[in-house]
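Visitor: I would like to learn how to read the features of a model like this one. Could you take me through it step by step?

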Amino acid sequence: MDTTGIRSAEIGSAFVESIEMGRPTLAAAANQYLRLAVRSKPGMSGSGLFVHDETSVASTRLIGIASGNSNDRAHYVAPTVLYEFMSSVVPR
């Protein structure tokens with residue numbers, strides 16, 4: 001889902017080019033991410049990557065959140081990575 005425009009989100013097909021591991025930093029361990037075979041655009045960070053079952057809208061699942069790009073390819077991390085990060089920095 002591309003949410004960079006000023007109108008409603010654009011929905012299109014994307015293919016996973018590779019599954020890679022990010023570099024660990026002092027603040028965080030390395031996380032697995034999906035590299036897609038679609039061009040990234042400024043402003044895509046935070047947009048969703050969904051698996052859609054055409055037989056049922058209810059079975060559509062969020063599997064990634066745009067987190068960056070490299071060599072004009074979009075990178076998405078699993079929603080659990082963001083959840084774990086936010087759980088560690090936001091007091092309960």
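Visitor: How many nonpolar, polar and charged residues are in the lining of the largest pocket?

Guide: Here is the general idea behind finding such a space. Rolling a probe the size of a water molecule over the atoms shows where empty space is left. In this predicted model, the lining of the largest pocket is made up of 11 nonpolar, 9 polar and 3 charged residues. The volume of this pocket is about 660 Å³.

Visitor: Which residues lie nearest the centre of the largest pocket?

Guide: Of the 23 lining residues, Gly22, Arg23, Asn31, Ser67 and Val77 are the ones nearest the centre. Two or more lining residues come from each of β2, β4 (61-70), β5 (73-77) and α1 (79-89). The biggest share belongs to β4, which gives 6 residues, the most of any element.

Visitor: Now the overall layout, please. How many helices and strands are there in the protein?

Guide: The protein has 1 helix and 5 strands. Read from the N terminus, the elements follow the pattern β-β-β-β-β-α.

Visitor: What is the order of the strands in the sheet?

Guide: First, the general principle. Strands of a sheet pair through backbone hydrogen bonds, either parallel or antiparallel. Here, the 5 strands form an open sheet in the order β1-β2-β5-β4-β3, and the pairing is antiparallel. At the edges are β1 and β3 (48-51), each of which pairs on one side only. From one strand to the next, the twist averages 35°.

Visitor: Which residues could I use to follow the register from strand to strand?

Guide: Take β1 and β2, which run antiparallel and are joined by 5 bridges. Isoleucine 19 is a good place to look, as leucine 34 in β2 stands opposite isoleucine 19. Moving on, β2 and β5 are also antiparallel, with 4 bridges joining them. There, tyrosine 33 has valine 77 in β5 as its bridge partner. On the other side of the sheet order, 4 bridges join the antiparallel strands β3 and β4. In that pair, glycine 48 is matched with isoleucine 65 in β4 as its bridge partner.

Visitor: How many salt bridges does the structure hold, and which residues form them?

Guide: Again, the general idea comes first. Side chains of opposite charge can pair when their charged atoms come close. This structure holds 1 salt bridge. It is formed by glutamate 17 and arginine 35, whose closest N and O atoms are 3.2 Å apart. The pair links distant parts of the chain, with glutamate 17 in strand β1 (residues 16-21) and arginine 35 in strand β2 (residues 32-39), 18 residues apart.

Visitor: Is arginine 35 buried or exposed?

Guide: Arginine 35 counts as buried because its relative accessible area is 15%, and the cut-off for buried is under 20%. Glutamate 17, with 39% relative accessibility, is partly exposed.

Visitor: What percentage of the residues in the protein is buried?

Guide: Of the 92 residues in the protein, 20% are buried. Alanine 66, found in strand β4, is one with a relative accessibility of 9%, so alanine 66 counts as buried.

Visitor: How many residues along the chain separate alanine 66 from serine 40, and what is the distance between their C-alpha atoms?

Guide: Alanine 66 and serine 40 are 26 residues apart along the chain, and 9.3 Å separates their C-alpha atoms.

Key
Residues are numbered from 1 along each chain as its sequence is written. This is a predicted model: local features need pLDDT of at least 70, side-chain atom pairs count only at pLDDT 80 or more; totals for chains, interfaces and linings use all residues. Side-chain values use heavy atoms; hydrogens and water are left out. A salt bridge is a side-chain nitrogen of Lys or Arg within 4 Å of a carboxyl oxygen of Asp or Glu. Buried means under 20% relative accessible area, exposed over 50%, partly exposed in between (1.4 Å probe, protein chains only). On a 1 Å grid over the protein atoms alone, a cavity is a set of points where a 1.4 Å probe fits but cannot get out, and a pocket is an open set with protein on both sides within 12 Å along at least five of seven lines; lining residues have an atom within 4 Å of a point. Grid points are joined across faces, edges and corners, and a volume is the space filled by probe spheres set on the points. Ala, Val, Leu, Ile, Met, Phe, Trp, Tyr, Cys and Pro count as nonpolar, Asp, Glu, Lys and Arg as charged, and the others, Gly among them, as polar. Two strands pair if DSSP finds at least two bridges between them. Axes are lines fitted to C-alpha atoms, for helices over the stretch in contact, and angles run from 0 to 180 degrees between N-to-C directions.
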